[in-house]
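Hello,

Here is the structure I promised to pass on to you. Please have a look at it first, and then read on for my notes.

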Amino acid sequence: MKQAPLPLPDCRAGAGAGVEIMLTAKYKTGLVFFPAFDWAISPTHPEREERLLYTQDQVIEEGLFDIEGITEFKPDLVTPQDIERVHFCVPDVWGVTTESHLISAGGAKTIGMAVLEEKIEKGFALVRPPGHHAMRMVHGARGFCNINIEAIMIEFLRAEYGIDRVAIVDTDCHHGDGTQDIYWHDPDTLFISIHQDGRTLYPGSGFINETGGPNASGTTVNIPLPPMTSEEGFIHAIKHMVLPILDEFEPDIVINSAGQDNHYTDPITHMNFSAQGYAELTNLLRADIAVLEGGYSIEGALPYVNVGIILAMAGLDYSRVREPRYDPDRIRQTPDITAYIEKLGKKVLEFWGQREKIKSQLRGTKEFVERTRNIFYDTDNIIEKQKETIRVCDDCAGAIRMDSSADRGAHILGLHVPIKACRKCKEVARQWYESGRKDAFDMVFLQDRTEDKYERSER
Amino acid sequence: MIIGLDVGGTHTDVALLGDEGLVREIKVPTDPSDLFHTILTGLEKITEGISPGEIHRAVLSTTLTTNAIVQGKTPPVGMIVSGGPGIDPEHFRTNEHYFPVSGSIDHRGREVEPVDADEVRNAAVTLQKQGIRNVGIVGKFSSRNPDHELKIHDMISTSFGKMFMGHQISGNLNFPRRIATTYLNATVHSIHKNFFEAVKRSLEEKGLSVPIHILKADGGTMSFDSSIDFPGQSILSGPAASVMGAIAFAPDGEDCLVLDIGGTTTDIALLINRVPVLEPMGIRLGKYKTLIRSLKTRSIGIGGDSLIRVKGRELEIGPDRMGPAMAYGGPSPTPTDAFFVLGKGKEGDKARSLQGIASVAAALDMTPEAAATKILDQTCQNILAEAQEMTDRINSKPVYTVHELQEGYQVRPKTILVLGGPAPHFARRLEELSGMRVGVVPRWHVANAIGAALARTTCEVTLFADTQQEIAASPEENFREMVDRHFSKEKAVKKAYELLRKKVLQTGGSTDDLDMEITEALEFNMVQGFHTTGRNIRVKVQVKPGLIYETDAVAEKLLAGI
Ligand SMILES: [Zn+2]
Ligand SMILES: [Zn+2]
């Protein structure tokens, strides 16, 4: 039975304590937590069921979901259209995804919607599997990734909420080559990747001179840090490279691809970053949305890194978050590394400053610019040969033609019409599509972002 | 025979149930300043002329501990809290005598940093100087490894009275809630113990030595003896009593809303196949978010006595109550007065109702009858909207596996059960507006007392195993065992059931109503460098909230109006 209404107890501690204790987030923060406890690439693969188990334990034990202003959301699922907006999936969406990918990308989408609908100010999609190695053309899985969950979220937000300028800051230890590929030609998406130098780690790319295609030169920024870089080096990169570039780019929204494999205990990388460092980085970056990427020190790093990131996003004190036996002196970077990174910073800003010059060099007098690449899908062991053609254009991001064949046999043509395509580029892509259908391709895809329409014809 | 007693804000309801159904029901006024007298009067009246030997149990749902907490009238206790790294435990301060100390255990229950004996002793000295008797001890991750709590306990146990340790109070994770829950248990302990001992004594003096059980917020019961160690479990049992009173009449195999419509508020709960939906983490009482298991209920400020006002051209109902309906001498119009105007009221002053509703009608520029209809509709619509929101919220509860997300059960109630004073008046309109079947719980005005009487003993057991560390443990049950690498999820479940059975019997249940189920069973391979090093297993089992075995017969009789 109901009881007579009574006043709620005093919000403070017992009389006399006088300490204001209720924890309230400074920024309303939303979380999607989807550990996919029943999904793995294989039983002993780093990307397996247990990966977020201890993170869940830590987040629950710390009571983060109970903090005023922190809300947990249930992930939505992405639709095939959400995926086709970004990828050419061979043979189709179902062929390269499992339910867990739809949920993982869906979790990012949920957070994106909540931020744009102003239900929350900051959001973090703590989901798996990750996505930043997935490129526009998808024949299978690369670097544990099948579909690019950040790009799917961003293109959904562009389609549904009309956002324009987006910045992605990828702080995973591996170069975000998938995201770089997808936004290589997009001048409205600034992609900045901070990672362990490609000469020492998968996927072996992300060098400082990779700055974007002929229509989008400069809006790809790579910051390859030497192995053993510690807190100091990362914070330097944020303060003296990322933040100045972000300031100049003036994005509508900032996304952090929040990989956690720079941690000093990560088994597959060689960096010396920490939970404190990640929290400080998050605090400086002030991203609107963070999406979990890699991070495979599942016991010793992820629980603490994630608590640090969540507290920092919410604007709460993270100064006491640390790993067991954390000793900043033991992981401190050498003066050589510090000097190297300072020099690197100057070069990065130089490239950024010369982006118009680089652009005209790339273009020359050409109407079309081509590049040919071999792409290796390490997770699924596929080799793809790709020839990409972009129409040089001053009026839009340019029509893209991708001729791709995988060693598994499929010969694909993929055509992309950018969201703000000019009439000419749209026409060019249409012509490519029509003539491609008569040629010897197994499949021809058309991604028309202007009409949010995605066609696919099979021979 | 069984007695059920439920203390409400204005009335205390008492029911006596026997094989023949409801034997007797009474209501006595609640005296909030003297609950002891209220309860004793209720118990005496209900047993008048009944031979004490015929009564084998009395289940009491009281507001004793809830009120003491809400009014801040609990005695001071000490809290010693060992947090380690993470959020500053100062943010979780529950009371003045609260001492964070060092020590840290990690998520797998391994010690990271030991407790500092000097710090603990200093805190103890201060607490003693302050005249503190009872103490709560809480460590982060103590439900994985209670070692630090036990060490602190042993360092200071000779200096204090009753001590509560976090790991004994719940097997669940959540450090801030563990602190709040341990504090609440410690601080209501003496109030709870003294009160029920006095009740017992007085009953014995009157020749009524009946085993006393206490209703909990999860709709289950515990014996008075076991409640001494978990007095916090008795908070906010009121809504649970009503829900349990409705269960016997809920349809099998479908979802059902329970609306307890009172004078000031309406409590909403949900049943899935006659089992109430529980709060995932635990109940909240004011600022205290706890690990106390409870039914999920939503209380809204709308009921039969809600104040009606007109603002602009808009009708506002509640959330405040000025007094009873005008028909019963109250000062201002209420939904109950609307019933009188519509010719549904009995034994009241319809003329006063009409007068009150007429003033509302004038402001809305309509006839009193039209205004009364509008009031009734809006009241029902508000209640239904809240019920819908609660259903949506349950359906949007996050899940953590692909399987659950795909197969996740979506609650879709097709039936509403109403109880509480004004329930029958609302029933038909609720049915018309919602399109659901609406049933009035038989004996709706004492269904809560009947629910208390028929509730079964509930409890939960959490067990985890880590085959790399070669342990299986359930700190809450004081269980820890060496296991080998073949220990599996199946074995863990079996062990957990064993512990649960033991716990039910210890807390006053019988083997007749052991409706046990697994609520969580996870097993992970732990891998280091591409090699499996062990298994991490987590199992949770519970006795579902429900009614004791003789219920169906009683329900049939209640339905038949006996
Ligand atoms: Zn990575
Ligand atoms: Zn163009």
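Which protein atoms are the donors of the zinc ion (ligand 1), and how far from it do they lie? Before the reply, some housekeeping. This is a predicted model, in which local features need pLDDT of at least 70 and side-chain atom pairs count only at pLDDT 80 or more, while totals for chains, interfaces and linings use all residues. Residues are numbered from 1 along each chain as its sequence is written, chains are lettered from A and ligands numbered from 1 in the order in which they are written, and side-chain values use heavy atoms, with hydrogens and water left out.

**The two zinc sites**

For ligand 1, the protein donors are Asp172(A) (OD), Asp172(A) (OD), His174(A) (ND1) and Asp261(A) (OD), at 1.9 to 2.8 Å from the zinc ion. Donors here are N, O and S atoms within 2.8 Å of the metal (3.2 Å for Na, K and Ca); water is not among the atoms, so sites may look incomplete. The arrangement around the zinc ion (ligand 1) is irregular because its four donor atoms subtend angles of 52 to 155°. As a reminder of the cut-offs, four donors count as tetrahedral if all angles lie between 85 and 135 degrees; four count as square planar and six as octahedral if opposite donors are over 155 degrees apart and all others between 65 and 115; anything else is irregular.

Along the chain, the donors of ligand 1 are spaced as D-x1-H-x86-D. Distant parts of the chain are linked by this pair: Asp172(A) sits in the loop between strand S6 (166–170) and helix H6 (177–183) of chain A, and Asp261(A) in the loop between strand S9 (253–258) and helix H8 (275–285) of chain A, 89 residues apart. Helices (H or I, at least four residues) and strands (E, at least two) are DSSP runs, numbered from the N terminus. Asp172(A) and Asp261(A) are both buried, where buried means under 20% relative accessible area, exposed over 50%, and partly exposed in between (1.4 Å probe, protein chains only).

The zinc ion (ligand 2) has four cysteine sulfurs as its protein donors: Cys393(A) (SG), Cys396(A) (SG), Cys422(A) (SG) and Cys425(A) (SG), lying 2.2 to 2.3 Å from it. This site is tetrahedral, with angles of 100 to 121° among the four donor atoms, and the donor spacing is C-x2-C-x25-C-x2-C. Here too, distant parts of the chain are linked: Cys393(A) is in the loop between strand S12 (382–391) and strand S13 (400–406) of chain A, and Cys422(A) is in the loop between S14 and H13 of chain A, 29 residues apart. Cys393(A) is buried at a relative accessible area of 6%, and Cys422(A) counts as buried at 12%.

Ala421(A) is worth a look as well. Its place is the loop between strand S14 (411–417) and helix H13 (423–438) of chain A, and it is buried, with a relative accessible area of 19%. Beyond its neighbours within four places in sequence, Ala421(A) is in contact (heavy atoms within 4.5 Å) with Cys396(A) and Thr450(A). Its C-alpha atom is 7.5 Å from that of Ala399(A), 22 residues apart along the chain.

**The cores**

The largest nonpolar core has 94 residues, of which Phe124(A), Leu190(A), Ile223(A), Val242(A) and Leu311(A) touch the most other members. Such a core is a set of buried Ala, Val, Leu, Ile, Met, Phe, Trp, Tyr and Cys residues joined through side-chain atoms within 4.5 Å. A second, separate core of 44 residues includes Trp39(A), Val86(A), Ala108(A) and Val402(B).

**The chains as a whole**

Chain A has 13 helices and 16 strands, and 64% of its 459 residues are buried. Its C-alpha atoms fill a box of roughly 80 × 65 × 45 Å along the principal axes.

Chain B has 16 helices and 27 strands, and 60% of its 562 residues count as buried. The C-alpha atoms of chain B fill a box of roughly 75 × 60 × 50 Å, again taken along the principal axes. In helix H11 (residues 368–395) of chain B lies Asp377(B), which counts as buried at 16% relative accessibility. Leaving out residues up to four places away in sequence, Asp377(B) touches Arg429(B) and Leu433(B).

Best wishes
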